[in-house]
Every structure is written in C-alpha cells, then in structure tokens.
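Please open the structure in your viewer and keep the selection panel at hand. The tour below goes from stop to stop, saying what to select and what is there.

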Amino acid sequence: MKPNFKIIVLLWLLFLASKQYAQHHSQIHVEVKLDNKTLIVNQEIEFYNQSKDTISYIVLNDWNNAYSSKNSPLAKRFSDEFYRGFHFSNEEERGFTKIISIENTDKIPLVWKRTANNPDLVIIELKQRLAPNTKIKLVLSYIVKIPSNKFTRYGYVDNEKIILKNWFLTPSRYENHAFVQYNNNNLDDIANGISDFDIRIKTPKNIELISDLNISNKLPIENSFIYELNGKNRTDFNIYLESKLSFSNFKNNSIEVVTNLKEKKINDIEKAIIINNIIDFTERYIGKYPHEKITVSEVDYDRNPFYGLNQLPSFLRPFSDDFVFEIKFLKTYLNNYLKYSLKLDPRKDNWIYDGIQVYMMLKYIDEYYPESKMMGRISEIGALKNYCQTQLNFNQQYSYFYMLMARKNLDQALGSSKNQLIKFNEQIAGKYKAGLCLKYLSKYLEENAVNKSILDFYNQNKDQQTSQKDFETILKFNTKKDISWFFKTMIDSRDIIDFKISNFSKTKDSIHFSLNNKTNIKVPIAIYGLNKDKIVFKEWLYPKNTDSTFSYKRKGIDRLVLNYENEVPEFNLRNNFLKTDGFFPNNKPIKFVFMKDFEDPNYNQILYVPSIGYNLYDGISPGMRLHNRTILDKPFNFDINPAYSTTSKSLTGSALFFVNQFRRNSNLFNIRYSLSGSYFHYAKDASYLKINPAIQFHFRETNFRDNHKQIILARYVTVNREKSSLITNTSEENYSVFNLKYINTKTEITNHLSFVTDFQLANKFGKVSGQIEYRKLFEDNRQLKIRLFTGSFLYNKTDSDFFSFATDRPTDYLFDYNFFGRSESTGIYSQQYIEAEGGFKSKLKNPFANQWITTFNNSFSIWNWVEAYSDFGLLKNLFIKEKFIYDSGIRLNLVPDYFELYFPIYSNNGWEIGQSNYSEKIRFMVTFSPKTLTTLFTRKWF
C-alpha cells in the first residue's frame, strides 16, 4: 500500500507543480503629492474567479485605511501593546483611503461598503454573480493619505522620503469557499490574491523611485518623472520614494538585489561578496527566486531585527562589521525571499515562513561559522569565560529565547494564527521554535528529507496558493518514518518535551536505565554515550510509554546524556545527565556567577550582585544579593539580600523563597507558594521584622493576548516592631494579620479597569475593603481617571489609629509600600504619595476612620500631561457623626503610576494654594524599583 500511495502523491505533486492559474491583473496610475503626503490613484482590476464557486461579491484589502481611526483594529492592537504614539498623534499624521468611485467597465457604479469592525476591507457587491473561471473588470478611483512612518516604520518620513507598503486596493485571497478577511494588525501578513501588476507612478522630478517590481521605463515630463513598473504572480511589493538615494544595486546571474542596509565600515566589494554568497546559499537550499529583483531595506530589518545581536552594546563590538552585516542581510533577505515567493496564508500558516527562515539561518551558521559564539569576541575575555552565555555557540541562543516563554508558561502553539500570538512569541520565541522544530525533524530523519521537502514545496509555490497541508504531504512523501507526531505535537499543540534518565543500574559489561517521559508526550529523543566529552554512541529513542527501559554495553562510557547536542527543543536540560561512575550520578557542582547568566545545565548556579537600597532611617544600604534566578525561570527560587545600614550601623535586608507551579492547560496557569522576610528600620531608633508566608493563584484568559488578569492572594503577615521613643503611635508593636485579596485587572493604553477586594483578620480588628479604578483615553487625547474606594471594620478593639483607614497616607502596618520615610509627619518624606485607601492628596486634619470610609477620586486632562483632580468622600469614626471631606488640585501625570506630582488648590483646609506653607503640601509619586520600572518596557512583549 505504501509504494502505491507514494506514486499517487508524486503524480499529484507533479500535477500541481505544472498547473498554471490565471491571475488577477491590476493596472494602476498613481500621482504622488508630496506636499500633503497623498496618492491620487486610478486603478483597473481584472478579477479572475479561480475558484469552483459562483461568487456574488468581491473583497478588496485596503490596509492603508486602518490608520483612519483610533478605533480601528490596528489602533486597538497598538493600545493592547501599550504603544501610545498612534493614540496621541494628530489627524495629519494618520492615514486613510478616500474612495471616489467603484464602477464596472460600463461605468455603472457598484455598491460597496466598509464596516466598523473592518475599516481596512472593501466589500463590493456584483451586479451579476461571477461563475468559476470567468472574470470581471473593476474601475476604481481613490485618494490615499499616507500615514507617518513613526507608527510602523512604513509611511512618510518627511517631504523627501516615503516608504509605501500595502497602500493600494487589491483582491483578497480566496480559499475554502470564502474571501480571507484579515485586518491590518501591523504584522506584515496581508492575504492578497495572486496578481499581475502594471503600474505608472508620477513623482516630482527630485524624487527617486526604488522597488522590487521591474522598472521598465522612466519618462521625464515637465517637473516630474513617470515610472513604469510591472510584476507577475505577486502577492505584495515595496516602493520607496526618496530624494537622496540610499540604495545600492548588486546583481549576479540569478537576481538583482537592491539594498540600503547600513554598515559603514565595510565597502561595496565586501558587501557584494557577502550578498553573492547568501544568494547562492539560499538558491541551493530553497530554490530559485521567482522574480527578477528583491529589495532588502533597513526598514525591513528594523521591523524584524536579529534579537540577541542587536541587544549587545555597540561599544563592545563583539562581532566584526562584516559578520554583523552578513547576519542582518541574511535574516532580512530570507524573510523577503520567502514572503514574496510562498503563496501561503501568511497569518494562518505563518510558522512555515518563520520555520524555513530560522532553519536556514541555523544551517548557514553551521556551514560557514560553526565555531562562532553567541557573544562573539566577548567569549574570549578571560574574566567572562565562566559565564554560560559567553560560551554558548551562536545557534544555541535560539533555544534559550524559546525557553524564556516556555518557562513562563506563555509559549503558544506554532500553528496558532499570527494575530493570536503575544508579541514576544510572534517576533522572537515562536520564530525560533519553528526553526528549531524543523532542525529537530531534520536530525531525527537522518537524511536529506527536510531539505528536499523545502525545495519541493518552494517549487510548488511558483504559481499557486498553498497551505500547511501541502507542506505536510511533501514531508511525509520524502521519508519512510512516521512523522505524524511532528505536526500533532510540535506544530498544532503547546505540549512541552521533558525527558529524564532514571532507575540507573550497571553490571561489569552493561548499563541499564529507564527513560522517564515527564510530560507523557510521544516524540523521539537522542541518547548519547560519552567518554571524556567524546561521543561514543548516539541513538534515537522513541519511547512508547511513560517509562521505557533500555540497556547498552558500557564501552568505556562515563556519562549518559539525553539531547546532548540540543536537537530537541526540550523544556529542561538539567535532568538529562547521568554519570555511570560514583555514588552521586546526578550531582552537579555549585558555581558562583557575578550579575546575570543563562541557565547552565551542568551546574547549580548561585548568582551574586551588589545591591543598594535607601530609606530615611537606614540611609544608603549597600548589600550583596544572592539568588538562583537565571534568565530562564525555575520551579524553585531563592533571593537573599543582606545589606548594611549606614545610618543605624547594623545589618538589614530581605529574603524570598518561592516555588512556581505552572498548569499548562488551565486558566489557573500559575500557583506560587512563597515565604519572605524583611528586616529594616521604620523609625530612627526602631526596627521591624516582617515574616510573610503566602500563596498566590494567577488566572489568565484562553486568549493569551487578552490583558485581563486575575490574582487571588492568601497570606499571613507577622510583624515584630521594636518600640520607638520618637513615635507615640506604637501601641501595637507585635501583631499578625491574615490577608485575603482578590485582584481583577484589564489594562491597555486606551482603557484600564481594575477591581480589588481586601479582607483582613487580626486579634484586635477585622476589616474588609474594595476598590474600583477606571481610566479612559478619549479620541481627543484627553484622559479620565476615576477611582472608588470603600472600606469598613468588621470589629475594632484597637486604641489607636494605627490600623485605621487613612484618607491620604496609610500607616502601612503590613509594610507593603515603598515609603522612603514611613513614620514622617512633616518634611519632604511626608509628602510622598502612594495611591491607597482614601487616595486623597491634601493632608487633612483628621485623616483616619476607625469605622468606615468611602471616597471617590477623579482626574481629567486639561492639556497633555496636565490634569485637574478632585477627591471627595465620607469617613466615619466610632461615636462621631460621619464627615464629608473633599480636595482638588492639579496633577502632573508625567509617567502614569510611576512619576507624578500633585499641587493641591482647595480642600477642607481651605484655599491651600494661598497658604504660607504651600510647598509642604505638594505631593509626589516616584518609583525607583528596577522591577517595577522594567514593566514599563516589558509589558508590550508579554
């Protein structure tokens, strides 16, 4: 049966490769208006119904119109990824497409529409249904307003440079009995049908035009040029308009390359040698490029850089200039080569583009730079040779970037639609895993099956649309081994691979062990026998059960290692080693590492780094932080930070121990068990010790891109305070509080909504509180923020306000907040503002409530980051009538939640701005915590 099946598949592939499809055809006449950044477009589209369906409408992609509204899917994507630029831009900077008319060849207007959910699609209703293998001509007239390039790097730079991308209207891809209707999500994955293009572009005379289309003519007319361009079997193309030509042309027997990739220290001859080498390599392993010309621009690279290479400081110059140019060009060239050749659905089958690209990059380094290191020349510095990351081979970094997400339980299936991927997976981790998976398959097949399949698949893409199913069919045809596991596990699921050697025993002549499949995923894994780091044998194992037993002759083997050459993208490499001699076969020595490092599977790493802290009572506190938190997350973590208080001349510090339990297929994706402690001074003459065992439950949505998060925290806080002679409010030196908290938030640039409930029980009090906060950015760039807080004591046996609700400055008896001078009532330290409890900014005369409190805080933009705020509420103390409180003022919202200033104007205290001690009333919010500040930059990635 197998040979017959292969003959059938071969005949089918030959049939598909030889079949020619009639394409759509577009004739486009464009006039460029530089002064107002517009294009005047007249276009004829000859739409050919290639399907077997009779259709009644046509969908055109109009991705330029995605910039027309702050409510478009593109705008929502920017908001979701915390990019502020688009929502704070003016109308001039945004783009749109204004359609003047859509007619048939008889000049009869056709009915067309956009929808609010799809402003970047144009749906045209046909007068008559279009039968299979027939065509219709559409005549369009429209104006394209080009957006600023600051949003996506595409668009106008100034009056002398425009980068045109997805600016024209073109038929959408048609498959599975429907048009593919994708919104512009800034992912470079427009799903156009295959078309031929003939374009005439009129530009000012001082502007040069560069394109990957063929430029057949350049005609001077008065103060303008008319460029004539054409291309066949295209789904997309690029056009660059610039007054100062930045591109250079390189041409060999196969293709013309037009590039402006920057690398000043290598000359054109050196570039030509590198480019020619990459062209030959790509053609040898992928196939001949179907078009005559390709562009490789700096914009293309900037949108998809080589992460790792571009993160190293330029002053270190860890790589030679020619190597940097070579890697940049290789990555960008492969990306464009595949994007403009493969006729895949670029959103649904995105992993194939990424997989082939990264697989070829891995192969290129193996072939031309097998000894290169991830950090280049830095790895040769003697003082840095102790670091795992400096000794990693260049290609080993790919698995670490993938594992960064897998260890956070944030990795996603490679077969996921591109628009469903969180940014780090879309741009880095997913790409790298896709390439690693193809390399894994290639190593397992131990033949040229993957290389041949890529060539066959590329050839099939010359004139027709393809899909993952076509690639899978070709791969299965080119090997005798069963590879159904590859697509089921590696592509269409987010299952992780983790094997461990266990139950080891030995005799004089042989060794026996079990292969523990920790995740019960049935995929092949390679076992190596080593003798003094030399490979004695290698064998691929395909365990059928959770635990499978194997035996081998000893042959002088001193170590058994799973996945020694890291062919398999495995979750944990630390349990892959076993010594065949000694009493402790899995024992790993301890290695101390300064600052930060990658996880080294051969050692137990302890990282140490100098630390410095500050508060008023401890002064500047230098210390030494000891922890085991490498770049990859671990199940068990410790972080111990002893410090020396320069003010009290004593030891202070903190410690944290926690265990992460990740749940792969649950909305409850993480449970964290922790024990923390801290010892600092809360007054000049008194210290506190806080012990805090806790358990946290983290919930997330099935859609990883959803910024909706929920946390349940249960903890028991024990505080021992020394008595202070300087503070009278110390009736409770030692106490313990059980705290149960629920947090529900959804945050993005345009909208923020959070809900927090807090329940506390202690010996002398019980209390419950709730907080709702909402923040909205309007289309006119004004921002509204409202917050409601309410709290009540269940019982209160205390004799002070230490545990009471506060209007403006909590006593922080749980020591949660980073107060610089927590016990200060006057001076600059007392002016520090932390938004909690009442949330007032003015210091009121009676700021506490020992029975209940309800407050409402709000602010609204006046201009840019200048806002007006007001607070009002009711507070109730035992045996005293409830009191109405209020304040108002100006808020400088410089960096929301991180750096803000508050200037009170009017409150229960009267007209505050006119009072003599006004400078003491100004409040400030400032965050110095590196971990907190880091979230400003990382939140868009995760």
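What follows is a walk through a sheet, a cavity and a pair of helices in a predicted model.

Begin with the sheet, selecting its strands in the order β4-β7-β2-β1-β13-β16-β15, and you will have the 7 strands of an open sheet whose pairing is mixed. At its edges lie β4 (96-104) and β15 (214-221), each of which pairs on one side only. Between neighbouring strands of this sheet the turn is 15° on average, with direction ignored.

Stay with β15 and add strand β16 (residues 224-234), which runs antiparallel to β15 and is joined to it by 7 bridges. Within this pair, select Ile215 and look across to Leu229 in β16, which stands opposite.

Next, turn to the empty space inside: a search of the whole structure finds 6 cavities of 30 Å³ or more, and the largest cavity holds about 170 Å³ of space. To find this cavity, select Tyr67, Tyr154, Lys165, Asn166 and Asn184, which are the closest to its centre of the 18 residues that line it. By class, its lining comprises 9 nonpolar, 6 polar and 3 charged residues.

Finally, select helix α5 (residues 321-339) together with helix α6 (residues 350-368), which pack at an angle of about 150° with their axes 9 Å apart, in a crossing that is right-handed. Among the residues that make the contact are Phe323, Ile327 and Leu330 of α5 and Tyr353, Ile356 and Met360 of α6. The residues of this contact of α5 with α6 divide into 11 nonpolar, 2 polar and 3 charged.

Methods: Residues numbered from 1 in each chain as written. Predicted model: local features only at pLDDT ≥ 70, side-chain atom pairs only at ≥ 80, totals over all residues. Heavy atoms only, no water. Pairing = 2+ DSSP bridges. Helix = DSSP H or I, 4+ residues; strand = E, 2+ residues; numbered from the N terminus. Axes fitted to C-alpha atoms, helices over the stretch in contact; angles between N-to-C directions. 1 Å grid on protein atoms, 1.4 Å probe; cavity = no way out; pocket = protein on both sides within 12 Å on 5 of 7 lines; lining within 4 Å. Points joined across faces, edges and corners; volume = space filled by probe spheres on them. Nonpolar A, V, L, I, M, F, W, Y, C, P; charged D, E, K, R; others polar. Left-handed = near helix turned anticlockwise from the far one by under 90°. Contact = heavy atoms within 4.5 Å.
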